[in-house]
Amino acid sequence: MTHTPLAAYPALRLRRLRQADWIRRLVRETVLTPADLIWSMVVHEGEGEIAVPSMPGVARLSVKDCAKAAVEARRLGIPAIAVFPHIDGSKKDSAGKLALDPDGIVARAVKAMKDAAPEVGIMCDVALDPFTDHGHDGIIEGGKILNDATIEVLVAQGLMQAEAGADILAPSDMMDGRCGALRRALESAGHQDVMIMSYAAKYASAFYGPYREAIGSGKLGTGTVENPGDKKTYQMDYANFEEALREVALDIAEGADMVMVKPGMPYLDIVSKVVEAFRVPTFAFQVSGEYAMIKAATANGWLDEERAILESLGAFKRAGAAGVITYFAPVAARMLGA
Ligand code: PBG
């Protein structure tokens, strides 16, 4: 590929190809369609919808409404849904025991959605944070988030999700070795078709704030030695680039079928590099804080909502992503004419 112009101005005028909609459409390099979207959805144990104040337009859905949403996803041409549980604070404990409950909210939501719309893929987060009273993704001992002990629980959680009918397991905890452990467990349990999309390069980010409100994981820890107030010992330092490539390489070697970069928009450099370096299906997560920023600006009339949403999602395609996990999925699919 050469970037040397074959002619020079005035023979070459790049604006010729931008002069009208028809020619812009004709030379467009990437397209966003509903098939690029994974709908990020929050489920709760009660009835009805509960609005999430920091994410206008997003509500926690009941199991019944999740099933309806799955039917809507099918109608809109959205291939998959990523489901996240909101757990009542009183049911949480320090080990996140409820994460393993085969009759818990995640299992029930997965079953209801697969019953209602079996053609829609269902993805489950493999991580303990919705279920732990301290909000961390792993088991804590003496102020340390234990890696190997956490993996044992994650494997049991992943198997439970696969039994419930999940199509994709998405380990989001950033423990070392969890993709390999999950893959081995899935193989030996007869779930060889269950896919793994690893949150391979996931950064310790301020942009997850609204999600914590959505799933009710509250403030992290106490910020003490016993209970760290951030996730920096397992999620990545946002200053790092090379490390993201090592993380992705490892997860692929361990058997991840697809990888993810998270957050999305501030990390497009990572998305682009991962796509170029590994040529495996690479997804980006447009996280809760990105959603909230766009909604806040559009609510004030500072940005045009439709244009901001479609541009933010289209940027992921331009960076080479296979698709985007986003809370805008149904809204965007409708904007795209579905
Ligand atoms: C938990 C998890 C998080 C998100 C997805 N899975 C939060 C975190 O790691 O602290 C973030 C989603 C979002 O912000 O939209 N492992």
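A residue counts as near the ligand if one of its heavy atoms lies within 4 Å of it, and with that cut-off in mind the tour can start, bearing in mind throughout that this is a predicted model.

Begin with the whole chain in cartoon view, where there are 11 helices and 12 strands to find. The radius of gyration of the chain is 21 Å, close to the 20 Å that the globule rule gives for 338 residues, so the chain is as compact as a globular protein of that length. If you turn the C-alpha trace along its principal axes, it spans about 70 × 40 × 40 Å.

Next, select the ligand together with the residues around it: 18 residues form this surrounding shell, and the closest are Asp 137, Lys 202, Arg 212, Lys 262 and Tyr 327. Colouring the shell by residue type divides it into 8 nonpolar, 3 polar and 7 charged residues.

Now show side chains as sticks and look at individual atom pairs. At Asp 137, a polar side-chain atom lies 2.7 Å from a nitrogen atom of the ligand, while at Ser 172 an N or O atom of the side chain is 2.8 Å from a ligand nitrogen atom. Moving on to Arg 212, you will find a side-chain N or O atom 2.5 Å from an oxygen atom of the ligand. Taken alone, the ligand exposes 400 Å², and the protein buries 100% of that.

Finally, hide the ligand and look at the space it takes, which is the largest cavity. To see which elements give two or more residues to the shell around the ligand, select strand S9 (195-202) and helix H6 (209-215).

Key
Residues are numbered from 1 along each chain as its sequence is written. This is a predicted model: local features need pLDDT of at least 70, side-chain atom pairs count only at pLDDT 80 or more; totals for chains, interfaces and linings use all residues. Side-chain values use heavy atoms; hydrogens and water are left out. A polar contact is a pair of N or O atoms within 3.5 Å; within protein, one must be able to donate a hydrogen and the other to accept it, and residues adjacent in sequence count only if both atoms are side-chain atoms. Accessible areas come from the Shrake-Rupley method with a 1.4 Å probe; for residues, only the protein chains shown count as cover. On a 1 Å grid over the protein atoms alone, a cavity is a set of points where a 1.4 Å probe fits but cannot get out, and a pocket is an open set with protein on both sides within 12 Å along at least five of seven lines; lining residues have an atom within 4 Å of a point. A molecule sits in a cavity or pocket if more than half of its atoms lie within 2 Å of its grid points. Helices (H or I, at least four residues) and strands (E, at least two) are DSSP runs, numbered from the N terminus. Ala, Val, Leu, Ile, Met, Phe, Trp, Tyr, Cys and Pro count as nonpolar, Asp, Glu, Lys and Arg as charged, and the others, Gly among them, as polar. The radius of gyration is taken over C-alpha atoms; the globule rule is 2.2 Å times the number of residues to the power 0.38.
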